[in-house]
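Colleague: Could you walk me through this model, one question at a time?
Modeller: Gladly, let us look at it together.

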Amino acid sequence: MSEHWDAGEIGCGQLVFELSRRVDQMSPGETLEVVARDPGALTDLPAWCRMTGHTLVSSDHPVYVIRRKAG
C-alpha cells in the first residue's frame, strides 16, 4: 500500500517534522509519495532518509517516494 502527501511549499523544519509523523504511522515497507515544492527538499529529503534509515526510492523534484524501513 502507498500513501500520497502534497506538502506544497512548506520548508525544511516543518516538512521534516510532518514527514516523520506521517511515516511513523505507516507499516514497514509501505511507501509515501511526497510532493514537496520547497527548493530545500532537494537536499533535505535525501538527508532525512539517510539519517533515519528509510529508503528514498525515487526523487524527481518535486516528487519523492520514500519507503518506510522494516521494524
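Colleague: Which residue is the bridge partner of Leu56 in β4?
Modeller: This is a predicted model, so please read every answer with that in mind. β3 and β4 run antiparallel and are joined by five bridges. Along that pairing, Thr55 stands opposite Arg67. For Leu56, the bridge partner in β4 is Ile66.

Colleague: How many residues lie between β3 and β4 in their hairpin?
Modeller: β3 covers 55–60, and β4 covers 63–67. Pro62 has its place in the loop that links these strands. The number of residues between the two strands of the hairpin is two.

Colleague: Is the peptide bond from His61 to Pro62 cis or trans?
Modeller: Most peptide bonds are trans. Here, in the loop between β3 and β4, omega is near 15° for the step from His61 to Pro62, and the bond is cis.

Colleague: In what order do the strands sit in the sheet?
Modeller: The sheet is open, made of four strands, and its pairing is mixed. One pair, β1 with β2, runs parallel and is joined by six bridges, with His4 standing opposite Glu33 in β2. Another pair, β3 with β4, is antiparallel. The order across the sheet is β1-β2-β4-β3.

Colleague: And which strands stand at the edges, each with a single partner strand?
Modeller: In the order β1-β2-β4-β3, look for the strands that have a single partner. One side of each of these is left without a neighbour in the sheet, and they are β1 (2–8) and β3.

Colleague: By how much are neighbouring strands of this sheet turned against each other on average?
Modeller: The four strands form an open sheet with mixed pairing. Direction is ignored for this angle, and the average turn is 15°.

Colleague: Which strands does α2 touch where it packs on the sheet?
Modeller: The direction of α2 makes about 5° with that of β4. The buried residues of α2 include Leu45, Trp48 and Cys49, and what covers its buried residues includes α1 (12–24) as well as strands. On the sheet, the strands that α2 touches are β2, β3 and β4.

Colleague: What span should α2 have, and what do its end C-alpha atoms show?
Modeller: α2 runs over 41–52, which makes 12 residues. At 1.5 Å a residue, the expected span is 16 Å, and the distance between the end C-alpha atoms agrees with it at 16 Å.

Colleague: Which residue follows α2, and what is its phi?
Modeller: Most residues other than glycine have a negative phi. The residue after α2 is a glycine, Gly53, and its phi is positive, near 90°.

Colleague: Is His54 buried or exposed?
Modeller: His54 sits in the loop between α2 and β3. Its contacts beyond four places in sequence include Val23, Trp48 and Ile66. Buried means under 20% relative accessible area; at 10% relative accessibility, His54 counts as buried.

Colleague: Which backbone nitrogen does the side chain of His54 reach?
Modeller: Among the residues in contact with His54 are Arg67, Arg68 and Lys69. The side chain of His54 comes to 3.0 Å from a backbone nitrogen, that of Lys69.

Colleague: What is the relative accessibility of Val65, and why does Val65 count as buried?
Modeller: Val65 is found in strand β4. Beyond four places in sequence, Val65 touches residues including Thr31, Leu32 and Glu33, and also Leu56 and Val57. Buried means under 20% relative accessible area, so Val65 counts as buried at 16%.

Colleague: How many of the six residues of β2 are buried?
Modeller: β2 spans 31–36 and pairs in parallel with β1. β2 is mostly covered, and its number of buried residues is five.

Colleague: What pattern does the chain follow along the sequence?
Modeller: The chain holds two helices and four strands. Read in sequence, these give the pattern β-α-β-α-β-β.

Colleague: What radius of gyration does the chain have?
Modeller: The C-alpha trace spans about 30 × 20 × 20 Å along its principal axes. The globule rule gives 11 Å for 71 residues, and the chain comes close to that, so it is as compact as a globular protein of that length, with a radius of gyration of 11 Å.

Methods: Residues numbered from 1 in each chain as written. Predicted model: local features only at pLDDT ≥ 70, side-chain atom pairs only at ≥ 80, totals over all residues. Heavy atoms only, no water. Buried < 20%, exposed > 50% of the residue type's maximum accessible area, 1.4 Å probe, protein only. Polar contact = N/O pair within 3.5 Å; in protein donor to acceptor, adjacent residues only side chain to side chain. Contact = heavy atoms within 4.5 Å. Expected span 1.5 Å × (residues − 1). Pairing = 2+ DSSP bridges. Axes fitted to C-alpha atoms, helices over the stretch in contact; angles between N-to-C directions. Rg over C-alpha atoms; globule rule 2.2 N^0.38 Å.
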